[in-house]
Amino acid sequence: MARTRSSSASASSGWRYCNPSYYLKRPKRLALLFIGFVCVTLVVWDRQTLVREHEVDISKLNEEVMELRNLVEEYKSKHGDVIERRKDGDSSKKSALPVEPIDDERREKVKAAMLHAWNSYEKYAWGNDELQPQSRQGVNSFGGLGATLVDSLDTLYIMGLKDEFQRARDWVANTLDFNKDYEASVFETTIRVVGGLLSAYDLSEDEVFLDKARDIADRLLPAWNTPSGIPYNVINLARGNAHNPGWTGGNSILADSGTEQVEFIALSQRTGDPKYQQKAENVISALNRSFPDDGLLPIYINPASGTSSYSAITFGAMGDSFYEYLLKVWIQGNKTAAVRPYREMWERSMKGLLSLIRRTTPSSFTYICEKNGNSLTDKMDELACFAPGMLALGSFGYGPEESQKFLSLAEEVLAWTCYNFYQSTPTKLAGENYFFHAGEDMSVGTSWNILRPETVESLFYLWRLTGNKTYKEWGWNIFQAFEKNSRVEAGYVGLKDVNTGVKDNMMQSFFLAETLKYLYLLFSPSSVISLDEWVFNTEAHPIRIVPRNDVTNLAKPDEQRKPTIRLRNRKAGRSRPGDY
């Protein structure tokens, strides 16, 4: 009974809080109740308002999505199923590049050419550096590193030649050995072998390629052990003894010393070991200490002092890819503040390039002179035909006015000259270099053609960056000239003379690595190796872009007190055995 009574009293006590008279007698509690009621009301009202606004936003977004879908479908109905986009560097513009049926046909013909070259190499020179198609035998031009095979890995992968790629991969895993008592070019080994292996790794994610890249890079590193950090250009792969070629008078070559940064930075990023990047970037720091106002360096550098020796200034053999890599390291680092110093050096060099521009008479072909001291030589290497592509690629980092100036120089002028290097000969293939004379336009100097890629490289960039179909037509004409003059039963060969068409006996590894790859990409959708995601090394090996946020200090000594900014031949290296 007591327990029932207690429960009844408790219930009665609880109900009193619902009686208004309870609060009228207690004004403080009434005030608290009122405040609580207002707060709850505001919270509920605010949430309902947010929900309504959210529903309105979703409705608007759905409408915009439907509009975009309709626009895409409308564009596809007019231009085909493939819509391609590109980013114009720092600009916000985008353009769509439609793929046409003729591009598919031409791309397949380039792929067939690659298969003809590769199958010939596999049959007659497997594991050797290069194929001699006329005699149907292999030759070890680079010490027996399988140069053509390694150089071709990414081309095979990009073209979807899976069986060929797998056989090459297995050879790399099971047979490739770098312990060679051979005097190797640091430059050539870096751009072909290190670059080729890193590209194969970035494309396939197969660790065997990264392990091999690290192995060969470790064998090259002693070349950088000089007082200035400027590397020697030749090293014994087994013993680690480094030196420079005798014909340079003890000097290092500008292109050979300043064209390892893309590969070694990439290797440090992928392995987590900073030593490769440090060695390569120390070179740029050393060169920047005495970097001239016009940004143009002679081709010989003293490895003891790090200063330039009196020699030619050129965008051709032995100078070219140094300037190329100033731009490409900036792109490789995703154009962050950390790599801005590279861009600044490159822009200074482009001002210097403008001082070397001249025009012919009567046809007004524009060309890049070479410079010795204060005198200019009216000569341009086909190797310098990489410059139109470089200028186009770098033009989008400028403001609108400067951007248009450099793009026009690349697009309307230099590319036309390089294309006419081909069109001006009976075989429609370019000679090695050209001389320019008043009233006579251009004439072939050294008349061989060794299947070089530089002109088609520039045509590839110009097509991707401008969408001008003319560059595809020019590229197709050059491909047809190779098919007509260079194709033989067992591969492709160069010409001893572009005037007579007499053939040589060498299929250069860069024909598969560069020339055919750039031609294939010229007729491919721009989503295939997008320039927003990849940067090509100087041997056309695509390396994935990785943003950099570390500190890069390339300041000159008198600038060191300022706060740190966070931000072959080209192929000179393309030397014959016995040059060292």
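This passage describes a small sheet, a set of aromatic and charge-over-ring contacts, and one buried threonine in a predicted model.

The sheet is a convenient place to begin. Three strands form an open sheet in the order β5-β6-β7, and their pairing is antiparallel. Strands β5 (183-185) and β7 (242-243) each have a single partner strand and stand at the edges, so one side of each is left without a neighbour in the sheet. Between β6 (residues 234-236) and β7, which run antiparallel, there are two bridges. One residue of this pairing can be followed by eye: V234 has H243 in β7 as its bridge partner. Helix α7 (residues 186-204) packs on the sheet, where it touches β5 and β6. The direction of helix α7 makes about 65 degrees with that of β5.

Aromatic side chains offer a good deal to look at, with a count of 29 aromatic pairs in the model. In one of them, the ring centres of F322 and Y323 lie 5.1 Å apart with the planes at 70 degrees; planes over 60 degrees apart count as edge-to-face, so this pair is edge-to-face. Both F322 and Y323 are buried. The pair of F460 and F536 is likewise edge-to-face, because the planes of the two rings stand at 80 degrees, with centres 5.7 Å apart. This second pair links distant parts of the chain, as F460 belongs to helix α16 (residues 454-466) and F536 to strand β20 (residues 534-536), 76 residues apart. Burial applies to each partner here: F460 has a relative accessible area of 0%, and F536 has one of 1%. Elsewhere, F365, W416, Y419, Y471 and W474 are joined into a cluster by ring pairs.

Charged side chains also meet aromatic rings. R343 lies over the face of Y398, 4.7 Å from the ring centre. In a second example, the ring of W463 has the charged end of K472 over it, at 4.1 Å from its centre.

The last stop is T515, a residue of helix α18 (residues 509-522). Is T515 buried or exposed? With a relative accessible area of 0%, T515 is buried. Its side chain reaches the backbone oxygen of L451 at 2.8 Å. Leaving aside residues up to four places away in sequence, T515 touches L451, R452, P453, V456, F482 and F510. L451 therefore appears twice in the surroundings of T515, through its backbone oxygen and in the list of residues touched.

Terms used:
Residues are numbered from 1 along each chain as its sequence is written. Side-chain values use heavy atoms; hydrogens and water are left out. Two strands pair if DSSP finds at least two bridges between them. Helices (H or I, at least four residues) and strands (E, at least two) are DSSP runs, numbered from the N terminus. Contact means heavy atoms within 4.5 Å. Axes are lines fitted to C-alpha atoms, for helices over the stretch in contact, and angles run from 0 to 180 degrees between N-to-C directions. Rings of Phe, Tyr and Trp (its six-membered ring) pair if their centres lie within 6.5 Å; planes under 30 degrees apart count as stacked, over 60 as edge-to-face and the rest as tilted. Buried means under 20% relative accessible area, exposed over 50%, partly exposed in between (1.4 Å probe, protein chains only). A charge sits over a ring if NZ of Lys or CZ of Arg is within 6 Å of the ring centre and within 35 degrees of the ring normal. A polar contact is a pair of N or O atoms within 3.5 Å; within protein, one must be able to donate a hydrogen and the other to accept it, and residues adjacent in sequence count only if both atoms are side-chain atoms.
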